[in-house]
Amino acid sequence: MLEKKKDIDLKHMFRHACAFIDCANACELEPHHIELRTASHLTANMVNSGLACEIFLKALLIFHGVRLEELKRIHELKCLWNRYKKLDEESANTIEHYINHSFFKSENEPFDRMLDESSRAFVDWRYIYEFKESTFNPHFLRGFRWILREVACQKIYGIKWNEYINIGEEEKI
């Protein structure tokens with residue numbers, strides 16, 4: 001049986017979320033290495049992406065002083081995002097700008113609408129076969145996980161992602 005930690009290690013949380021991005025990337029980029037490739041791998045991609053975003057947001061909230069106990073039962077990205085935006089408006093605005101301009105090239109695809117549609121990605125996509133349809137843009141969640149990883153890396157490690165991937169394993173712990 002696992003014993004719970006008294007203090008949360010943000011670096012461990014960060015690496016944990018990165019592992020879910022790696023799994024999502026494998027579903028996107030490595031179709032020939034998956035034994036039975038099906039359209040349902042989009043589901044695995046979105047579940048892993050949603051969970052990565054959730055963990056990054058929780059790590060950022062803890063970084064800003066929120067206690068893990070306050071976050072344990074929250075899985076909706078919109079709820080976590082709203083809390084984060086109140087604590088770090090500058091970084092939140094940077095993230096929104098990045099998503100709107102890098103992925104949608106304008107403010108015509110508002111971040112809030114895309115976040116609303118993706119908010120329950122981890123919760124709902126695990127059981128997507130129970131629903132008739134989903135209004136969802138996978139590109140949003142992909143971009144959101146990338147930018148959250150970048151911001152979390154800068155906050156937790158004090159370096160950019162492209163620097164992080166080049167440091168030694170002992171420095172990552």
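1. Buried means under 20% relative accessible area. Glu54 has a relative accessible area of 4%, so Glu54 counts as buried. Keep that cut-off in mind, as burial comes back in several points below. The model is predicted.

2. Overall confidence. The mean pLDDT of the chain is 85. A score of at least 70 is reached by 81% of the residues. Among the elements, helix α3 (residues 77–87) has the highest mean pLDDT, at 97. Helix α6 (residues 121–125) has the lowest, at 73. Where pLDDT is low, the predicted coordinates should not be read in detail.

3. Fold. The chain has nine helices and zero strands. Along the sequence the pattern is α-α-α-α-α-α-α-α-α. The chain has 173 residues, and 44% of them count as buried. Take the contacts between residues at least 6 apart in sequence: 62% of these join residues at least 24 apart.

4. Surroundings of Glu54. This residue sits in helix α2 (residues 41–63). The side chains of Glu54 and Lys58 are joined by a polar contact of 2.9 Å. Leaving out residues up to four places away in sequence, Glu54 touches Ile74, His75, Leu77, Leu80 and Phe122. Leu77 and Leu80 fall within the residue range of helix α3 (residues 77–87). Phe122 falls within that of helix α6 (residues 121–125), the element with the lowest mean pLDDT.

5. Aromatic pairs. The count comes to twelve. One of them is Phe140 with Phe144, a stacked pair with 5.3 Å centre to centre and 25° between the planes. Both residues lie in helix α7 (residues 138–157), four residues apart, about one turn of the helix. Are these two residues buried or exposed? Phe140 has a relative accessible area of 1%, so Phe140 is buried. Phe144 is buried too, at 0%.

6. Trp161 and Tyr164. Their ring centres are 5.2 Å apart and their planes are at 25°, so this pair is stacked. The cut-off for stacked is planes under 30 degrees apart. Both residues lie in helix α8 (residues 161–164), three residues apart, about one turn of the helix. Trp161 has a relative accessible area of 19%, so Trp161 counts as buried. Tyr164 is buried at 5%.

7. A ring cluster, with charges over two of its rings. Ring pairs link Phe14, Phe56, Tyr157, Trp161 and Tyr164 into a cluster. Which residue lies over the face of Trp161? That residue is Arg149, at 3.9 Å from the ring centre. Lys172 lies over the face of Tyr164, at 4.8 Å from the ring centre.

8. Salt bridges. The whole structure has ten. Side chains of opposite charge can pair when their charged atoms come close. Glu69 forms one of these bridges with Arg67, with the closest N and O atoms 3.4 Å apart. Glu69 has a relative accessibility of 51%, so Glu69 counts as exposed. The cut-off for exposed is over 50%.

9. Lys85 and Glu96. The closest N and O atoms of this salt bridge are 2.8 Å apart. The pair links distant parts of the chain: Lys85 is in helix α3 and Glu96 in helix α4 (residues 89–103), eleven residues apart. Lys85 is partly exposed, with a relative accessible area of 25%. Glu96 is at 13%, so Glu96 is buried.

10. Lys155 and Asp88. Here too the closest N and O atoms of the salt bridge are 2.8 Å apart. Where do the two partners lie? Lys155 is in helix α7, and Asp88 is in the loop between α3 and α4. They are 67 residues apart, and the pair links distant parts of the chain. Lys155 counts as partly exposed, at 26% relative accessibility. Asp88 has a relative accessible area of 8%, so Asp88 is buried.

11. A charge network. Lys78, Asp112 and Asp116 are joined into one network by salt bridges that share partners.

How values were computed. Residues numbered from 1 in each chain as written. Predicted model: local features only at pLDDT ≥ 70, side-chain atom pairs only at ≥ 80, totals over all residues. Heavy atoms only, no water. pLDDT = per-residue confidence, 0-100. Helix = DSSP H or I, 4+ residues; strand = E, 2+ residues; numbered from the N terminus. Buried < 20%, exposed > 50% of the residue type's maximum accessible area, 1.4 Å probe, protein only. Polar contact = N/O pair within 3.5 Å; in protein donor to acceptor, adjacent residues only side chain to side chain. Contact = heavy atoms within 4.5 Å. Phe/Tyr/Trp six-rings, centres within 6.5 Å; stacked < 30°, edge-to-face > 60°. Lys NZ or Arg CZ within 6 Å of the ring centre and 35° of its normal. Salt bridge = Lys/Arg side-chain N within 4 Å of Asp/Glu carboxyl O.
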